[in-house]
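Please walk through the predicted model shown here, beginning with a single residue and widening the view step by step to helices, a whole chain and the contact between chains.

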Amino acid sequence: MKLVAVTSCPTGIAHTYMAAEALEQAGKAAGHEVHVETQGAAGSTPLDPSIIAAADGVIYAADLEVKDKERFAGKPFVDVGVKKAVHDAPGVIAAATAAVEAGVPAPAAGAAAPAAPATKVDSNAGVGTRVRQWLMTGVSYMIPFVAAGGILIALGFMVAQFSDGSQGVIDVTQVPISHLLNDFSVLSGMDWAALLFHTGALAFGFLVPALSGFIAYAIADRPGIVPGFVGGAVSVAVGAGFLGGLVTGFMGGFLALWISRWKVPKGVRGIMPVVVIPLLSSFVVGLVMFVIIGQPIASLMEGLSSWLNSLSGSNLVILGALLGAMMGFDLGGPINKVAYTFAVTGLATEGLAGDAVQYRIMAAVMAAGMVTPLAMALATTVRKSLFTHAERENGKAAWLLGASFISEGAIPFAAADLWRVIVSSVAGSALTGALVMAGGSAQRAPHGGIWVLPLISHPWWFVLAVAAGMVVTALVVIALKTTRRDPVLQAEHVADEQAELVAQTA
Amino acid sequence: MSTPLITPDLVAVDVVAADRDAATRQLIDLLAAAGRVTDADGFHADVRAREAQMATGMPGGIGLPHARSAHVTAPSLAVGKVPAGVDFGAPDGPATLIFLIAAPDSGDAAHLQILAALARRLVHESFRQSLKDATDPATVAEIITREVVPS
């Protein structure tokens, strides 16, 4: 593996060089090629752009702001601080190689526009590749939140099911946090379930902010973090979901990049990255999201809700298909929320029969919401080569998330390849929604997926309907992805082949 | 290089000190006596400020106080061996070998290369061990002069 590193320290005479030497030695010992740029007091010689272009990953062992960091944009990296590199260089090298294996791949030759300005690239292709790299950076940082949060929530449902049965799964989300603070009992299964659920739910709260924040970070480097995260949080607050988070990621990133290029007096320059850029860019992102984007979303949701309510009494199979399509469209975004809220609101009606329309709607909505993460898990299993390493890892978690009716498990796939995933998601989810309605399954739990299966009437039909939608979505997404040429994916394949060659010849 | 990085009179082989501040001060006094530091108190304050940012103790019993300072006339190294050990904030225990690096504030890059080379050598266990094994100031200075060559 080829690594580049930047070292720096406050004084610039000791740790900068000790870290450099330690990293070079540890790299050599582990069989990696490590080139270090020492940004110290003795002046720094910039790394040759061709070395940077060839590098698989970057190590920042820097206590000062890394100079010209944009040279390394798009590469997987670890940021460890100089002391860690001096004290435990082998550990840092191991972390860097792990990051390379897990993270965003180095761009294909020629795509690294900043590092290789001499190469004449098709500007259209260049922009496309970079947009995809920005997206993938956001997605790869979001995936751990999806996996950790989603699995915690699913475990919460699972423990609740074992502890108090299906009713426990319904109840677990209602346990107030104050109960955990005041009356947590290690002997109570439900308390553990609630602990898992709440922790997972809070981790999920970072999902859209992390996506947005790290897209902005990929675009604008550190100054992009704040407007990106804030924009993602506002997107959640106004109900815009991950689609809004994509918008705020790009908006925050480019705002921060633009402001960071302003020509300002020397006295102001010092406070630009810490105060001025985050302040201005966050404000603008907040303004745009709340005032310009938030209002139309709110009225859209309102309009959709009243339209859905006006449909009651019409053909149930068509309603099921429609609700399914809405569930699959934005995976936790505004349209998904309208369909879900429509179903959950129906549950509140008192004294319904076991097969009332309200319960059948809930079953259709739940089934449809399980389809896309399961389908992505299936697709990553049967057609590995169409997905990045990060997506394949996420695919494994998506089995559990989909089975637990956590639609957000599919967001990383959708964020990375928007229209292909949404088209396939809508197709399969709509089918599942219609099938569940046609088969007459009914469900009175608002969440839980397979963990509330005992509460579902005609459970086998329900499972069959989910499986049918899953297969359709997986087939469509595989078909659509097969027809495209993805530069990031190709770069990964090339890297994989090289790694295999090295492994064979070694 | 007009001034060598280290000379035997910048090496103390039996430092006894209560804490890192006192140990550092003894080495500073060596630099001041050799005329490499014009204001011992001023330079000491600079070293303290650096040490306060992040302890300079390294694994393997090394303390590495250092600073760039206006009170330093030439890139210099003072070495102190502390048989009883003195804490430098390293996770694995007290330091028995102390390197005080003094860099001039306005030193040009070429001038500072020697210190970069020294820092790189310090990472190597064999280099540190040979200094720990050396018993007299002349040997210590000789090892450092021989091994630390700017690249």
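Gly469(A) is found in helix H19 of chain A, the helix that runs over residues 459–482. Is this glycine buried or exposed? Gly469(A) counts as buried because it has 30 C-beta neighbours inside 10 Å, where 20 or more are needed for that label. When residues up to four places away in sequence are left aside, Gly469(A) touches Ala368(A), Val371(A), Gly428(A), Ser429(A), Leu431(A) and Thr432(A). Another residue to locate from here is Val426(A), which is 43 residues from Gly469(A) in sequence, while the C-alpha atoms of the two are 9.5 Å apart in space.

Several of these names return in the pairing of two helices of chain A, H15 (residues 357–382) and H18 (residues 418–439), whose axes come within 8 Å and cross at roughly 150 degrees. The crossing of H15(A) and H18(A) is right-handed. On the side of H15(A), the contact is made by Arg360(A), Ala363(A), Ala364(A), Ala367(A), Ala368(A), Val371(A), Thr372(A) and Ala375(A), and H18(A) answers with Ser425(A), Gly428(A), Ser429(A), Thr432(A), Gly433(A), Val436(A) and Met437(A). Sorted by class, the residues of this contact divide into eight nonpolar, six polar and one charged. Ala368(A) and Val371(A) of H15(A), together with Gly428(A), Ser429(A) and Thr432(A) of H18(A), take part in this contact and are also among the residues that Gly469(A) touches.

Elsewhere in chain A, helix H9 (residues 225–237) has 13 residues and reaches 18 Å from its first C-alpha to its last, close to the 18 Å expected at 1.5 Å a residue. H9(A) is mostly covered, with eleven of its 13 residues buried, among them Pro227(A), Phe229(A), Val230(A) and Ser235(A). What covers the buried residues of H9(A) includes three helices of chain A, namely H8 (207–220), H10 (241–260) and H12 (272–310). Following H9(A) comes Gly239(A), whose phi is positive, near 80 degrees.

Two of those covering helices also pair with each other. The axes of H8(A) and H10(A) come within 7 Å and cross at roughly 30 degrees, which means that H8(A) is roughly parallel to H10(A), since angles under 35 degrees count as such. The crossing of H8(A) and H10(A) is right-handed. Among the residues that make the contact are Val208(A), Leu211(A), Ile215(A) and Ile219(A) of H8(A), and Phe242(A), Gly245(A), Gly249(A), Gly252(A), Gly253(A) and Leu257(A) of H10(A). By class, the contact of H8(A) with H10(A) has eleven nonpolar, eight polar and no charged residues.

Taken as a whole, chain A has a secondary structure of 20 helices and four strands, and 56% of its 506 residues count as buried. Among contacts in chain A between residues at least 6 apart in sequence, 74% join residues at least 24 apart.

The last step leads to the contact between the chains, which takes 20 residues from chain B and 18 residues from chain A. On the side of chain B that touches chain A, helix H2 (40–53), strand E3 (66–69), strand E5 (95–104) and helix H3 (109–122) of chain B each supply at least two residues, and H3(B) gives the most, with eight residues. That side of chain B has 14 nonpolar, three polar and three charged residues.

Notes:
Residues numbered from 1 in each chain as written. Chains lettered and ligands numbered in written order. Predicted model: local features only at pLDDT ≥ 70, side-chain atom pairs only at ≥ 80, totals over all residues. Contact = placed C-beta atoms within 7 Å. Nonpolar A, V, L, I, M, F, W, Y, C, P; charged D, E, K, R; others polar. Expected span 1.5 Å × (residues − 1). Buried ≥ 20, exposed ≤ 12 C-beta atoms within 10 Å, placed from the backbone. Axes fitted to C-alpha atoms, helices over the stretch in contact; angles between N-to-C directions. Left-handed = near helix turned anticlockwise from the far one by under 90°. Parallel < 35°, antiparallel > 145°, perpendicular 65-115°, else oblique.
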